[in-house]
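Here are my notes for you to read with the model open beside them. Take the points one at a time, and find each residue on screen before moving on.

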Amino acid sequence: MFSSVSSSHTGRIAVVTGAAGGFGHAISCELARRGADVVAVDLKSATDTADAVRRIGRRAVSLRADISDPDQVAAITPDILCFAGQVDILVNNAGVFPFKDIFELDFAQWKRTQEINVDSQFLMAKAVIGVMRDNEWGRIVNIASNSLGLAVPQMTHYMASKGAVIGFTRALATDLAPFGITVNAVAPTASRTPGGEHFIGDEILQQVAQMQAIKRVGTGADIVGTVCFLSSDDSAFVTGQTIVADGGLWRV
(Lines give C-alpha, C1' and ligand atoms only; values in the text may rest on other atoms or scores of the structure.)
Protein backbone atom coordinates (compact mmCIF):
# COMPACT_ATOMS: atom_id res chain seq x y z
CA MET A 1 0.00 0.00 0.00
CA PHE A 2 1.06 3.56 -0.58
CA SER A 3 1.63 5.94 2.29
CA SER A 4 -1.00 8.42 3.45
CA VAL A 5 -1.22 11.81 1.80
CA SER A 6 1.41 14.31 2.94
CA SER A 7 2.62 17.68 1.72
CA SER A 8 6.34 17.07 1.17
CA HIS A 9 6.06 17.64 -2.59
CA THR A 10 3.22 20.16 -2.70
CA GLY A 11 3.53 22.53 -5.65
CA ARG A 12 6.20 20.44 -7.35
CA ILE A 13 5.94 19.28 -10.96
CA ALA A 14 7.31 15.80 -11.57
CA VAL A 15 8.12 14.15 -14.89
CA VAL A 16 8.20 10.36 -14.69
CA THR A 17 9.33 8.24 -17.64
CA GLY A 18 8.24 4.66 -18.19
CA ALA A 19 5.13 5.76 -16.31
CA ALA A 20 2.56 3.43 -17.86
CA GLY A 21 3.08 0.62 -15.35
CA GLY A 22 5.36 -1.02 -12.82
CA PHE A 23 7.79 1.27 -11.01
CA GLY A 24 6.71 4.27 -13.07
CA HIS A 25 3.06 3.94 -12.11
CA ALA A 26 3.89 3.41 -8.44
CA ILE A 27 6.30 6.37 -8.35
CA SER A 28 3.83 8.67 -10.11
CA CYS A 29 1.05 7.83 -7.67
CA GLU A 30 3.20 8.24 -4.58
CA LEU A 31 4.57 11.59 -5.75
CA ALA A 32 0.95 12.66 -6.26
CA ARG A 33 0.01 11.48 -2.78
CA ARG A 34 2.77 13.71 -1.44
CA GLY A 35 1.46 16.71 -3.36
CA ALA A 36 3.13 16.72 -6.79
CA ASP A 37 1.50 17.12 -10.18
CA VAL A 38 2.73 14.55 -12.69
CA VAL A 39 3.71 14.39 -16.34
CA ALA A 40 3.55 10.68 -17.19
CA VAL A 41 5.74 9.81 -20.19
CA ASP A 42 5.89 6.42 -21.88
CA LEU A 43 6.28 4.74 -25.24
CA LYS A 44 2.75 3.41 -24.78
CA SER A 45 -0.25 5.15 -23.32
CA ALA A 46 0.13 6.21 -19.68
CA THR A 47 -3.46 7.42 -19.39
CA ASP A 48 -4.18 4.89 -16.63
CA THR A 49 -1.39 6.41 -14.56
CA ALA A 50 -2.56 9.95 -15.28
CA ASP A 51 -6.10 8.97 -14.32
CA ALA A 52 -4.84 7.43 -11.06
CA VAL A 53 -2.98 10.64 -10.23
CA ARG A 54 -6.13 12.67 -10.85
CA ARG A 55 -8.13 10.39 -8.57
CA ILE A 56 -5.60 11.15 -5.84
CA GLY A 57 -6.42 14.81 -6.38
CA ARG A 58 -3.43 16.08 -8.35
CA ARG A 59 -3.12 17.28 -11.93
CA ALA A 60 -1.64 14.97 -14.54
CA VAL A 61 -0.99 14.64 -18.24
CA SER A 62 0.06 11.60 -20.28
CA LEU A 63 2.55 11.97 -23.13
CA ARG A 64 3.63 9.28 -25.58
CA ALA A 65 7.15 9.23 -27.01
CA ASP A 66 10.18 7.08 -27.65
CA ILE A 67 12.48 9.01 -25.35
CA SER A 68 15.57 7.35 -26.80
CA ASP A 69 14.87 9.42 -29.95
CA PRO A 70 16.14 13.03 -29.75
CA ASP A 71 13.48 14.25 -32.16
CA GLN A 72 10.64 12.77 -30.13
CA VAL A 73 12.02 14.19 -26.89
CA ALA A 74 12.26 17.60 -28.58
CA ALA A 75 8.65 17.23 -29.74
CA ILE A 76 7.23 16.58 -26.26
CA THR A 77 9.41 19.10 -24.40
CA PRO A 78 7.08 22.07 -25.11
CA ASP A 79 4.14 20.01 -23.83
CA ILE A 80 6.06 19.18 -20.65
CA LEU A 81 6.91 22.82 -20.04
CA CYS A 82 3.43 24.08 -20.94
CA PHE A 83 1.86 21.77 -18.35
CA ALA A 84 2.82 24.10 -15.51
CA GLY A 85 5.65 26.27 -16.76
CA GLN A 86 8.21 24.48 -14.64
CA VAL A 87 9.77 21.10 -13.93
CA ASP A 88 11.03 20.36 -10.44
CA ILE A 89 11.52 16.60 -10.47
CA LEU A 90 12.63 14.17 -13.18
CA VAL A 91 12.46 10.45 -12.51
CA ASN A 92 14.28 8.60 -15.28
CA ASN A 93 12.60 5.23 -14.89
CA ALA A 94 12.14 3.97 -18.47
CA GLY A 95 14.25 0.94 -19.30
CA VAL A 96 14.42 -2.59 -20.68
CA PHE A 97 16.11 -5.70 -19.33
CA PRO A 98 15.98 -8.53 -21.87
CA PHE A 99 18.18 -11.57 -21.26
CA LYS A 100 20.50 -12.52 -24.14
CA ASP A 101 23.41 -14.94 -24.31
CA ILE A 102 26.63 -13.10 -25.19
CA PHE A 103 27.26 -15.42 -28.13
CA GLU A 104 23.88 -14.50 -29.59
CA LEU A 105 23.90 -10.82 -28.65
CA ASP A 106 24.46 -8.66 -31.72
CA PHE A 107 25.42 -5.01 -31.96
CA ALA A 108 21.92 -3.85 -32.82
CA GLN A 109 20.55 -5.40 -29.62
CA TRP A 110 23.45 -4.01 -27.60
CA LYS A 111 22.95 -0.53 -29.06
CA ARG A 112 19.19 -0.53 -28.52
CA THR A 113 19.62 -1.39 -24.85
CA GLN A 114 22.03 1.51 -24.38
CA GLU A 115 19.67 3.85 -26.23
CA ILE A 116 16.70 3.02 -24.03
CA ASN A 117 18.50 2.70 -20.71
CA VAL A 118 21.16 5.43 -21.02
CA ASP A 119 20.52 7.78 -23.94
CA SER A 120 16.95 8.41 -22.80
CA GLN A 121 18.16 9.59 -19.40
CA PHE A 122 20.59 12.03 -21.00
CA LEU A 123 17.97 13.35 -23.40
CA MET A 124 15.31 13.82 -20.73
CA ALA A 125 17.78 15.52 -18.39
CA LYS A 126 18.83 17.90 -21.16
CA ALA A 127 15.17 18.70 -21.80
CA VAL A 128 14.50 19.92 -18.24
CA ILE A 129 17.74 21.09 -16.61
CA GLY A 130 17.49 24.56 -18.13
CA VAL A 131 14.20 25.18 -16.33
CA MET A 132 15.57 23.69 -13.12
CA ARG A 133 18.62 25.96 -13.36
CA ASP A 134 16.40 29.02 -13.85
CA ASN A 135 14.38 28.05 -10.77
CA GLU A 136 17.53 27.24 -8.79
CA TRP A 137 15.97 23.96 -7.63
CA GLY A 138 15.73 20.51 -9.13
CA ARG A 139 15.81 16.82 -8.36
CA ILE A 140 16.81 14.15 -10.86
CA VAL A 141 16.43 10.51 -9.84
CA ASN A 142 17.76 7.87 -12.23
CA ILE A 143 16.70 4.24 -11.89
CA ALA A 144 19.76 1.98 -11.98
CA SER A 145 19.97 -1.68 -10.89
CA ASN A 146 21.48 -3.86 -8.17
CA SER A 147 22.63 -6.29 -10.88
CA LEU A 148 26.04 -4.58 -10.97
CA GLY A 149 26.84 -6.19 -7.63
CA LEU A 150 25.74 -9.67 -8.68
CA ALA A 151 26.85 -12.45 -11.01
CA VAL A 152 23.88 -12.38 -13.38
CA PRO A 153 24.29 -14.35 -16.64
CA GLN A 154 23.10 -13.24 -20.08
CA MET A 155 22.89 -9.58 -19.06
CA THR A 156 26.10 -8.06 -20.47
CA HIS A 157 24.25 -5.40 -22.44
CA TYR A 158 21.92 -4.57 -19.54
CA MET A 159 24.56 -4.40 -16.83
CA ALA A 160 26.78 -2.24 -19.04
CA SER A 161 23.89 0.19 -19.51
CA LYS A 162 23.12 0.38 -15.80
CA GLY A 163 26.79 0.91 -15.01
CA ALA A 164 26.62 3.85 -17.39
CA VAL A 165 23.56 5.17 -15.53
CA ILE A 166 25.52 5.25 -12.27
CA GLY A 167 28.46 6.98 -13.97
CA PHE A 168 26.11 9.47 -15.60
CA THR A 169 24.47 10.15 -12.24
CA ARG A 170 27.79 10.87 -10.54
CA ALA A 171 29.07 13.15 -13.29
CA LEU A 172 25.83 15.05 -13.80
CA ALA A 173 25.59 15.66 -10.05
CA THR A 174 28.89 17.56 -10.19
CA ASP A 175 27.83 19.70 -13.14
CA LEU A 176 24.43 20.65 -11.71
CA ALA A 177 25.22 21.13 -8.03
CA PRO A 178 26.00 24.86 -8.42
CA PHE A 179 22.42 25.43 -9.60
CA GLY A 180 20.58 23.81 -6.70
CA ILE A 181 19.97 20.58 -8.63
CA THR A 182 20.75 17.20 -7.13
CA VAL A 183 21.16 13.99 -9.12
CA ASN A 184 20.95 10.56 -7.54
CA ALA A 185 20.11 6.98 -8.50
CA VAL A 186 18.05 4.19 -7.00
CA ALA A 187 19.09 0.59 -7.63
CA PRO A 188 16.16 -1.82 -7.14
CA THR A 189 16.15 -5.59 -7.24
CA ALA A 190 14.28 -7.84 -9.67
CA SER A 191 10.69 -7.06 -8.78
CA ARG A 192 7.13 -8.11 -9.44
CA THR A 193 6.19 -5.60 -12.12
CA PRO A 194 4.74 -6.27 -15.58
CA GLY A 195 8.26 -6.04 -17.01
CA GLY A 196 9.75 -8.23 -14.30
CA GLU A 197 7.15 -10.93 -14.78
CA HIS A 198 7.60 -10.81 -18.57
CA PHE A 199 11.39 -10.80 -18.78
CA ILE A 200 12.29 -12.67 -15.59
CA GLY A 201 9.33 -14.82 -14.56
CA ASP A 202 7.93 -15.71 -11.15
CA GLU A 203 10.27 -18.67 -10.53
CA ILE A 204 13.40 -16.55 -10.80
CA LEU A 205 11.80 -13.71 -8.84
CA GLN A 206 11.18 -16.15 -6.00
CA GLN A 207 14.76 -17.44 -6.20
CA VAL A 208 16.11 -13.90 -6.01
CA ALA A 209 13.90 -13.17 -3.01
CA GLN A 210 15.39 -16.12 -1.11
CA MET A 211 18.89 -14.63 -1.55
CA GLN A 212 17.80 -11.32 -0.02
CA ALA A 213 17.87 -10.49 3.68
CA ILE A 214 14.19 -9.54 3.33
CA LYS A 215 12.87 -12.71 1.76
CA ARG A 216 9.98 -11.56 -0.35
CA VAL A 217 9.68 -10.46 -3.95
CA GLY A 218 10.07 -6.70 -4.36
CA THR A 219 7.35 -4.50 -5.84
CA GLY A 220 7.09 -0.96 -7.08
CA ALA A 221 5.94 0.13 -3.63
CA ASP A 222 9.34 -0.88 -2.24
CA ILE A 223 11.27 1.87 -4.03
CA VAL A 224 8.83 4.77 -3.96
CA GLY A 225 9.92 5.97 -0.52
CA THR A 226 13.54 6.19 -1.61
CA VAL A 227 12.61 8.00 -4.83
CA CYS A 228 10.43 10.45 -2.89
CA PHE A 229 13.20 11.16 -0.38
CA LEU A 230 15.66 11.88 -3.19
CA SER A 231 13.14 14.17 -4.89
CA SER A 232 12.40 16.23 -1.78
CA ASP A 233 13.94 19.05 0.23
CA ASP A 234 15.07 16.46 2.77
CA SER A 235 17.80 15.25 0.38
CA ALA A 236 19.25 18.69 -0.35
CA PHE A 237 22.74 17.60 0.78
CA VAL A 238 22.66 14.24 -1.01
CA THR A 239 23.90 14.10 -4.60
CA GLY A 240 25.85 11.79 -6.88
CA GLN A 241 24.77 8.78 -4.83
CA THR A 242 23.25 5.41 -5.68
CA ILE A 243 20.92 4.03 -3.02
CA VAL A 244 20.35 0.29 -3.28
CA ALA A 245 16.77 -0.63 -2.40
CA ASP A 246 16.85 -4.38 -2.94
CA GLY A 247 15.90 -6.11 0.31
CA GLY A 248 19.51 -6.52 1.35
CA LEU A 249 20.81 -8.54 -1.58
CA TRP A 250 23.71 -6.34 -2.73
CA ARG A 251 25.82 -5.12 0.18
CA VAL A 252 27.57 -1.93 -0.96
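1. Start with a single pairing: alanine 14 in strand E1 has valine 38 in strand E2 as its bridge partner. Keep in mind that this is a predicted model. Now widen the view to the two strands: E1 and E2 run parallel and are joined by 5 bridges. Add helix H1, residues 22–33, and you have a right-handed β-α-β unit made of E1, H1 and E2.

2. E1 has another partner too. Strand E4, residues 89–92, runs parallel to E1, with 3 bridges between them. Here valine 15 is the residue to look for, and its bridge partner in E4 is leucine 90.

3. How many residues of E1 are buried? The count is 5 of 5, so to speak a mostly covered strand by the under 20% cut-off for relative accessible area. Look at the directions of the side chains as well: Ile13, Val15 and Thr17 point one way, while Ala14 and Val16 point the other way. Residues on both sides of E1 are buried.

4. Next, stay in strand E2 and find aspartate 37. Is aspartate 37 buried or exposed? Its relative accessibility is 6%, so aspartate 37 counts as buried. Its side chain makes a polar contact of 3.1 Å with the side chain of arginine 58. The aspartate 37 side chain also reaches the backbone nitrogen of arginine 59, at 2.9 Å. Setting aside neighbours within four places in sequence, the contacts of aspartate 37 include Arg12, Ile13 and Ala14, as well as Phe83.

5. Phe83 leads us to helix H3, where Phe83 is one of the buried residues, along with Val73, Ile76, Thr77 and Ile80. What covers them? The cover for the buried residues of H3 includes strands E1 (13–17), E2 (37–42) and E3 (60–64), together with helix H4 (107–135).

6. Here is a small calculation to follow for H3. The helix has 15 residues, numbered 70–84, and at 1.5 Å a residue it should span 21 Å; its end C-alpha atoms lie 22 Å apart, so the two values agree. Look along H3 for a bend as well: a kink of about 30° lies at isoleucine 76, shortly before proline 78.

7. Both ends of H3 deserve a look. At the N-terminal end, aspartate 69 acts as a cap, with a side-chain oxygen 2.9 Å from the backbone nitrogen of aspartate 71. Just after the helix, glycine 85 has a positive phi of about 80°.

8. Move on to helix H4 and pick out valine 118. With a relative accessibility of 17%, valine 118 is under the 20% cut-off and therefore counts as buried. Leaving out neighbours within four places in sequence, valine 118 is in contact with Thr113, Ser161, Ala164 and Val165. Try comparing sequence with space here: valine 118 and isoleucine 166 are 48 residues apart in sequence, and their C-alpha atoms are 9.8 Å apart.

9. Helix H5 has 21 residues, and its first and last C-alpha atoms are 30 Å apart, close to the 30 Å expected at 1.5 Å a residue. Its buried residues include Ser161, Val165 and Ile166, and also Tyr158 and Met159. Which elements cover the buried residues of H5? Among them are H4, E5, strand E6 (181–188) and E7.

10. Serine 147 sits in the loop between strand E5 (138–143) and helix H5 (156–176). Although it is in a loop, serine 147 counts as buried because its relative accessibility is 6%. The side chains of serine 147 and serine 145 form a polar contact of 2.9 Å. Beyond residues up to four places away in sequence, serine 147 touches Val152, Tyr158 and Met159.

11. Finish with another loop residue, alanine 236, between helix H8 (221–230) and strand E7 (242–245). Its relative accessibility is 49%, so alanine 236 counts as partly exposed. Not counting residues up to four places away in sequence, alanine 236 touches Arg139 and Thr182. From alanine 236 to alanine 50 the separation is 186 residues in sequence and 28 Å in space, C-alpha to C-alpha.

Methods
Residues numbered from 1 in each chain as written. Predicted model: local features only at pLDDT ≥ 70, side-chain atom pairs only at ≥ 80, totals over all residues. Heavy atoms only, no water. Helix = DSSP H or I, 4+ residues; strand = E, 2+ residues; numbered from the N terminus. Expected span 1.5 Å × (residues − 1). Bend = angle between axes of the 7 residues up to and from the residue. Buried < 20%, exposed > 50% of the residue type's maximum accessible area, 1.4 Å probe, protein only. Contact = heavy atoms within 4.5 Å. Polar contact = N/O pair within 3.5 Å; in protein donor to acceptor, adjacent residues only side chain to side chain. Pairing = 2+ DSSP bridges. Right-handed = clockwise from strand over helix to strand, strands pointing away.
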